[in-house]
Amino acid sequence: MLTNAPRGTKDILPDQVENWRWIESKIRDICKRFGYAEIRTPTFEHTELFQRGIGEGTDVVDKEMYTFNDRGERSITLRPENTASAVSAYLQNKLYADGGLVKLFYIGSMFRYDRPQAGRLREFHQFGVEALGEKNPALDAEIILLAWDFLKSLGLEDLNLKINTVGCPNCRPVYRQKLREYFSDYHDELCNDCKKRIEKNPLRILDCKVDGDKDFMQDAPNIFTCLCDDCKEHFDELQKYLQAAKVDFEIDNRLVRGLDYYTKTAFEIQYTPLGAQSAVAGGGRYDGLVEEIGGPATPGIGFAAGIERILIALEKQNLLKPAKQIFDAFIVAVGKDAELAAFELLAKLRRKNICATMDFAKRSIKAQMKQAAKSGAKFALIIGDDEVKNSTVTVKNLETSEQETISADKILTMLIN
């Protein structure tokens, strides 16, 4: 049926939008406090941006991107994530021109061709932040703290912060080689994807969902045996800053995240009751990404949080409230002249920021009063022939059932007060 949404997409209905708006208001509030400014990037970009930024050989680039040729035969991709897009905007618009730190946040749709499941749709929504221009581990801690405080501000409990370091271009090649040598001995036991990853990207084997629980994974080489002094110092300093901010964390040396551009810090915040899909936010440092995309060497760090998964977590804790449109007034009109007078009053009320509505189906006064009660309005404003003739309105308080007739020009004063 043409009325069915494409697989992996979902309508967000009016009774759900209020919860989305509430989360978005929390996002804007915390980003304002941390000094991050909103950016809105294009929904689609040149495919090469993601190939170079995310990395060929990753699942995202090889399997999950929505890529097509436009009418000019240019390869275009719907954004599968927003960090590469934010970095592209940073370069294209010379946001670095004034020097110093640039702090950005975004809210928007992302697209990945994946098997749809709870909290993971093909069109999904992310909130994320990016900070460009500073390599101090204190900034890593600030990014993590922003993500942590945001989730806590929603009322979520049972959150678990995991951190790791994935090294840098100086020490990671040593670790990759160790992984290649180790996993080559278990080649026949690896899934088909991981067999390819041995040469292409052995770090990705560490968080494979298929091979992750196999016995040989427990003895895989630990990156901490390969770290250079700079990466060790950076990770040690990060831990000190998190401890200073009183944020509990766990070191997970198998946490590598799914994108190639990460360097040094990688982190994930999990909501444990979600089980296999427990990650609600994650990110890390990407000091080589700006250069990879074509800009000057510029350090950066960021994270993204999945809004659908956050909503599932909030629902599990009964933190979502059913949305209901509450009106200040419902206008009941009886008769043709009354309908015109009611519409005139309705326009006046709305222009004074009063939430009001009326019946458009020309139903009986009894049916309209029933609708007024269902609308949640505090007052029913009744206009009939007598009210039109006398320039009055009969006001019924729907909470107390008290009723009085007042001059039409006093309605605004009564409702505003």
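**Exercise 1. Place Asp215 in the chain and judge its exposure.**

Step 1. Find the element. Asp215 sits in the loop that runs between helix H7 (192-200) and helix H8 (229-244). Helices (H or I, at least four residues) and strands (E, at least two) are DSSP runs, numbered from the N terminus.

Step 2. Know the model. This is a predicted model, in which local features need pLDDT of at least 70 and side-chain atom pairs count only at pLDDT 80 or more, while totals for chains, interfaces and linings use all residues. Residues are numbered from 1 along each chain as its sequence is written, and side-chain values use heavy atoms, with hydrogens and water left out.

Step 3. Read the exposure. Asp215 counts as exposed because its relative accessibility is 69%. The classes are: buried under 20% relative accessible area, exposed over 50%, partly exposed in between (1.4 Å probe, protein chains only).

Step 4. Look for partners. Asp215 belongs to a negative surface patch together with Asp188, Glu189 and Asp219. Patches are made of residues with over 30% relative accessible area and no salt bridge; like charges are joined within 9 Å, nonpolar side chains (Val, Leu, Ile, Met, Phe, Trp, Tyr) within 5 Å. Asp and Glu count as negative, Lys and Arg as positive; His and the chain ends are not counted.

**Exercise 2. Describe the chain as a whole.**

Step 1. Take the secondary structure. The chain has 14 helices and 16 strands.

Step 2. Take the extent. The C-alpha trace spans about 90 × 50 × 45 Å along its principal axes.

Step 3. Test it against a globule. The chain has a radius of gyration of 28 Å, whereas a compact globule of 417 residues would have one near 22 Å. The radius is taken over C-alpha atoms, and the globule rule is 2.2 Å times the number of residues to the power 0.38.

Step 4. Take the interior. Of the 417 residues, 49% are buried.

**Exercise 3. Trace salt bridges and say what they join.**

Step 1. Count. The structure holds 20 salt bridges. Each is a side-chain nitrogen of Lys or Arg within 4 Å of a carboxyl oxygen of Asp or Glu.

Step 2. Start with Asp193 and Lys63. Their closest N and O atoms are 2.5 Å apart in a salt bridge. Asp193 is in helix H7 and Lys63 in helix H3 (residues 59-64), so the pair ties together parts that are 130 residues apart in sequence. Asp193 is partly exposed at 27%. Lys63 is partly exposed too, at 43%.

Step 3. Go on to Lys264 and Asp230. A salt bridge joins their side chains at 2.7 Å, N to O. This pair links distant parts of the chain: Lys264 is in strand E9 (residues 263-271) and Asp230 in helix H8, 34 residues apart. Lys264 counts as buried at 9% relative accessibility, whereas Asp230 is partly exposed at 42%.

Step 4. Add Asp359 and Arg363. Their salt bridge has its closest N and O atoms 2.8 Å apart. Asp359 is buried, with 7% relative accessibility. Arg363 is partly exposed, with 40%.

Step 5. Finish with a network. Salt bridges link Arg28, Glu38 and Arg40.

**Exercise 4. Check two residues for positive phi.**

Step 1. Take Lys246. Its phi is near 60°, a positive value in a residue other than glycine. Lys246 lies in the loop between H8 and strand E8 (250-251). Lys246 counts as exposed, at 72% relative accessibility.

Step 2. Take Ser391. Its phi is positive, about 55°, although Ser391 is not a glycine. The loop between helix H13 (385-390) and strand E15 (392-397) holds Ser391. Ser391 counts as partly exposed, at 47% relative accessibility.

**Exercise 5. Set sequence separation beside C-alpha distance.**

Step 1. Use Phe50. This residue is part of helix H2 (residues 47-54). Phe50 is buried, because its relative accessible area is 0%. Phe50 and Thr83 are 33 residues apart in sequence, and 9.5 Å separates them in space, C-alpha to C-alpha.

Step 2. Use Met414. Helix H14 (residues 411-416) contains Met414. Met414 is partly exposed, with a relative accessible area of 24%. Val395 is 19 residues from Met414 along the chain, and their C-alpha atoms are separated by 10.0 Å.

Technical notes: Accessible areas come from the Shrake-Rupley method with a 1.4 Å probe; for residues, only the protein chains shown count as cover. The place of a charge is taken as NZ of Lys, CZ of Arg, CG of Asp or CD of Glu.
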